[in-house]
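Reader: I've just opened this one and don't know my way around yet. Could you walk me through it, one question at a time?

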Amino acid sequence: MYKVFLVDDEIVIREGIRNSFPWEGNGGSEFALVGEAPDGEIALQMMQDVKPDILITDIRMPFMDGMQLCEAVSHTMPWVQIVILSGYDDFSYAQQAISLGVKEYLLKPVSAQELLEVLERIAARIREERRQQADILRIKRQFASSSAFLRERLLGEALAGVQGKEGVQSLLERARALNLSLHANRYLVILACPRGGEEGRTLAQSALYRLAEGSGDAVHACEVSGGFALIVMGDSDEDLEERAYGCARAALYEVERATGKSARMCIGEAVSDLTALPQSYQSAQRVRQAMEIASDPEKRRIMGVRDMGALPVDRTINLDVLPLNERLQYANREDVDKILQEHIASMGSAAIHSVMMVNFLYVEILMAASRIIKESGGEPREVIDAKLWEQNLFSATPDPEEVIPVAREVLEKAIAFREEQSSTRYNAVINKARAYLAREYQNSGVTLNDVSSHVCMSNSHFCTIFSQEVGVTFTEYLTNLRMNKAKELLRTTQMRSSDVAYAVGYNDPHYFSYLFKKHTGMTPRDYRKEAQG
């Protein structure tokens, strides 16, 4: 089955294609209409959710026209095959479309048979591309070329660290010789971690490298230990965040589609120059470690440094607790007992029987727990019981059986607090977004951009967080909200179906009826008849 998305500002055109074409389930074709929009701006946001295989778009539309949409799609979703649909037999449009990789161009009005022939040609190309992706030997030969090898080695050097202006200059000159642009104001590393063994790794490599090649030199990919690194470049922090989360979502979809296995995208911190690239890479590795030990590792397949909820550590205090802190940094409650036992053992067998060493150990544990709580935004004395802060907590001849349970309790409370804060970190954002949609769902013009701006996030970051926290995409949530409101109005009022459509945010009653039947299996009229009968 191939997913098709339709964009045209003329309702009549959309209705004609929607109703006359033999879509899957309504004629037996292998094509399913997964969404439609009246302009490119709305379409781009919806397409990020439904991820179609084929886009059919008009050229002249308000807000964002077809050419702008094609350009945006070619950068963010390079797998999408595009069909230009236009009433203007203008060669200049055809030339521009060809430059954007568009291979099909149809003039209105178009018949169902004409469209079917075009879609079948595209489907054949998609099948051939997928066949080539499955050819592991061909892929290995492709990446064994000397040029690819030199690019890999150069990007690996950048991740390992370049020292001084001369080192940077040398790296940039070598990059230019390979037609590789590494000039940017801001950099960021995404660590892509596929699954599926050697075959899955090879298929993921092909998907990620194609995505990087289609980015217009905004993203570069190379192989690293444990996966692949995507070096994302931007002009500002805002531009970089938008691009990074958009790239991570596209990469996740491409890798999972190619391998048939789940994957992880770990987004590192933004840095200002090439010499700091290892810092971003290392932070992406810390994100990966955090995702691996998360209580719900399959829920969060995309995560950034800020999503971990860690605050900067105050390094002005010289506390000799770094080894314990490092082991506790990504630990969960089940790990506490093992870490504690090993830490005590490392102090020597006599330490646990020394009053001085026991008190030193306990202070060390209190300080480590305090740091965990503070980094998670809490106050240690509010999380850890007052009695556990008392001096001389242990007897003059401490028994390990007395010390270890108390120390374990302190650390478990701190880690439980961190896990609680991590799981609810975005509750306020999600609740704020839901409240906004509950007020604005009747507005047909409400968009993802409106909601992400309301909660002060970039589109891509909000879209990623929303789908992971809520369990459905933004578009699915808004559609479900509107459909539930529509069902309520159909059950409790005598409003006409067209008025119900307008009341829940749809300017096109026919499109509303189409979505309602797709959502409930019944037309609005049949639903009302059954609900009120």
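Reader: Let's start with Glu254: is it buried or exposed?
Author: Keep in mind that this is a predicted model. The cut-off for buried is under 20% relative accessible area. Glu254 comes in at 2%, so it counts as buried.

Reader: And which residue does the side chain of Glu254 meet in a salt bridge?
Author: Look for a nitrogen-to-oxygen contact of 3.6 Å at Glu254. The partner on the other end is partly exposed, with a relative accessible area of 29%. That partner is Arg210.

Reader: How many residues apart in sequence are the parts that this pair ties together?
Author: Glu254 and Arg210 share a salt bridge. Glu254 sits in helix H10 (residues 237–259), while Arg210 belongs to helix H9 (residues 197–213). So the pair links parts of the chain whose separation in sequence is 44 residues.

Reader: Which residue meets Glu256 in a salt bridge?
Author: Glu256 is buried, at 18% relative accessibility. Its partner counts as partly exposed, at 26%. The N to O distance is 2.8 Å, and the partner is Arg301.

Reader: Where does Arg301 lie?
Author: Start from the salt bridge between Arg301 and Glu256. Glu256 is in helix H10, and the pair ties together parts 45 residues apart in sequence, so Arg301 has to be looked for elsewhere along the chain: in the loop between helix H11 (277–292) and strand E10 (302–304).

Reader: What about Glu269 and Arg286, how many residues apart in sequence are the parts they tie together?
Author: Their side chains meet in a salt bridge at 3.8 Å, N to O. Glu269 is in the loop between strand E9 (264–267) and H11, and Arg286 is in helix H11 itself, so the parts they tie together are separated in sequence by 17 residues. As for exposure, Glu269 is partly exposed at 23%, and Arg286 is partly exposed too, at 31%. To come back to your question, the answer is 17 residues.

Reader: How many salt bridges does the structure hold?
Author: We've gone through a few pairs, but salt bridges can also link up into a network, as they do for Asp8, Glu10, Asp58 and Lys108. For the structure, the count is 24.

Reader: Lys108 turned up in that network. What is the peptide bond from Lys108 to Pro109, cis or trans?
Author: First find Pro109 in the loop between strand E5 (104–107) and helix H5 (112–134). Omega for the bond from Lys108 is near -10°, and the bond is cis.

Reader: Why do the buried residues of H8 line one face of the helix?
Author: The buried ones include Val168, Leu171, Leu172 and Ala175. On the other side of H8, Glu166 and Ala177 are exposed. Looking down the axis of H8, the buried residues line one face because they fall within an arc of 100°.

Reader: How far apart are the end C-alpha atoms of H8?
Author: Helix H8 (residues 164–177) has 14 residues, and at 1.5 Å a residue it should span 20 Å. The model agrees with that: the end C-alpha atoms are apart by 20 Å.

Reader: Which residue with a positive phi follows H8?
Author: Go to the loop between H8 and strand E6 (186–193). The residue you want is exposed, with a relative accessible area of 66%. Its phi is about 60° although it is not a glycine. It is Asn179.

Reader: What is the phi of Asp217?
Author: Asp217 is in the loop between H9 and strand E7 (219–224). At 36% relative accessibility, Asp217 is partly exposed. Its phi is positive, in a residue other than glycine, and lies near 65°.

Reader: Which residue of E8 does Cys222 stand opposite?
Author: E7 and strand E8 (residues 227–234) run antiparallel, joined by 6 bridges. They form a hairpin with 2 residues between them, and Gly226 in the turn has a positive phi of about 85°. E7 is mostly covered, with 5 of its 6 residues buried. Opposite Cys222, in E8, stands Ala229.

Reader: Last one: how far apart in space are Gly377 and Phe417?
Author: Gly377 is in the loop between helix H14 (355–375) and helix H15 (380–383), and at 56% relative accessibility Gly377 counts as exposed. Gly377 and Phe417 are 40 residues apart in sequence, and their C-alpha to C-alpha distance is 9.6 Å.

Definitions and conventions
Residues numbered from 1 in each chain as written. Predicted model: local features only at pLDDT ≥ 70, side-chain atom pairs only at ≥ 80, totals over all residues. Heavy atoms only, no water. Salt bridge = Lys/Arg side-chain N within 4 Å of Asp/Glu carboxyl O. Helix = DSSP H or I, 4+ residues; strand = E, 2+ residues; numbered from the N terminus. Buried < 20%, exposed > 50% of the residue type's maximum accessible area, 1.4 Å probe, protein only. Expected span 1.5 Å × (residues − 1). Arc of directions from axis to C-beta. Pairing = 2+ DSSP bridges.
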